[in-house]
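Biologist: Could you take me through one part of this model in close detail, and then connect that part to what lies around it? I would enjoy a connected account rather than a list.

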Amino acid sequence: MVKAITSENFDAEVMDSRRLVVIDMYADWCGPCKMMAPIIESLSNEYEDVKFVKINVDDNPDIAARYHVESIPNFVFIKDGKMVNQVVGARDADSFADLVDAART
């Protein structure tokens, strides 16, 4: 399950996590973001050792600025409190799974 987070609980949910965290930076009006939502949801059920969260960049511009998000969808991979990857744009499920697998190692 993909958990919606905000600036208020970002550090607790992401930076303090002991698991790899995949952040889906999105906006409600973004078509490619809507296309990615079911893919991210499906992968969140497949990867039990990875935490998937989403954050609305319009409602949380401070987090978007923190990771220099200029285009969405934007996916940030955080491991042990450090960014290990960041990718912009929609991907198919297999390509995105490859990104998750690479970040897990």
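**Around the start of strand 5**

Modeller: Happily! Let us begin with Lys82, which belongs to strand 5, residues 82-88. Please keep in mind that this is a predicted model. Lys82 has a relative accessible area of 58%, and because exposed means over 50%, Lys82 counts as exposed. In sequence Lys82 is 68 residues from Val14, yet their C-alpha atoms are 9.7 Å apart in space. A similar link involves Gly81: its C-alpha is 6.5 Å from that of Asp16, with the two positions 65 residues apart in sequence. Asp16 sits in the loop that runs between helix 1 and strand 2, and Asp16 is exposed, at 52% relative accessible area.

Next comes Asp80, in the loop between strand 4 and strand 5. Asp80 is not a glycine, but its phi is positive, near 55°. With a relative accessible area of 54%, Asp80 is exposed.

The loop between helix 3 and strand 4 offers another case, His68. His68 also has a positive phi, about 55°, although it is not a glycine. His68 is exposed too, with a relative accessible area of 63%. That loop between helix 3 and strand 4 also holds Pro73. The peptide bond joining Ile72 to Pro73 is cis, with omega at about 0°.

Both partners of that cis bond lead us inward, to Met25. Leaving aside residues up to four places away in sequence, Met25 touches Ile72 and Pro73, and also Ile55, Val57, Ile63, Tyr67, Val69, Asn74 and Val76. Met25 is one of the residues with the most contacts inside the largest nonpolar core, together with Phe10, Val14, Ile23 and Tyr67. This core has 20 residues. Val14 thus returns to our story: it is the residue whose C-alpha lies 9.7 Å from that of Lys82.

Which elements build this core? Those that give two or more residues to it are helix 1 (10-15), strand 2 (20-26), strand 3 (50-56), helix 3 (61-66) and strand 4 (74-79). Strand 2 gives the most, with four residues. Apart from this core lies another one, of 18 residues, including Leu20, Phe52, Ala97 and Val100. As background, nonpolar side chains tend to be buried together in soluble globular proteins.

Ala97 takes us on to a pair of helices, since it is one of the helix 4 residues in contact with helix 2. On the helix 2 side the contact is made by Met36, Ile39, Ile40 and Leu43, and on the helix 4 side Ala93 and Phe96 join Ala97. By class, the contact has seven nonpolar residues, with no polar and no charged ones.

How do the two helices cross? The axes of helix 2 (residues 31-46) and helix 4 (residues 93-104) come within 10 Å and cross at roughly 50°. Helix 2 and helix 4 are therefore oblique to each other, and their crossing is right-handed.

Methods:
Residues are numbered from 1 along each chain as its sequence is written. This is a predicted model: local features need pLDDT of at least 70, side-chain atom pairs count only at pLDDT 80 or more; totals for chains, interfaces and linings use all residues. Side-chain values use heavy atoms; hydrogens and water are left out. Axes are lines fitted to C-alpha atoms, for helices over the stretch in contact, and angles run from 0 to 180 degrees between N-to-C directions. Angles under 35 degrees count as roughly parallel, over 145 as roughly antiparallel, 65 to 115 as roughly perpendicular and the rest as oblique. A crossing is left-handed if the near helix is turned anticlockwise from the far one by less than a right angle, and right-handed if clockwise. Contact means heavy atoms within 4.5 Å. Ala, Val, Leu, Ile, Met, Phe, Trp, Tyr, Cys and Pro count as nonpolar, Asp, Glu, Lys and Arg as charged, and the others, Gly among them, as polar. A nonpolar core is a set of buried Ala, Val, Leu, Ile, Met, Phe, Trp, Tyr and Cys residues joined through side-chain atoms within 4.5 Å. Buried means under 20% relative accessible area, exposed over 50%, partly exposed in between (1.4 Å probe, protein chains only).
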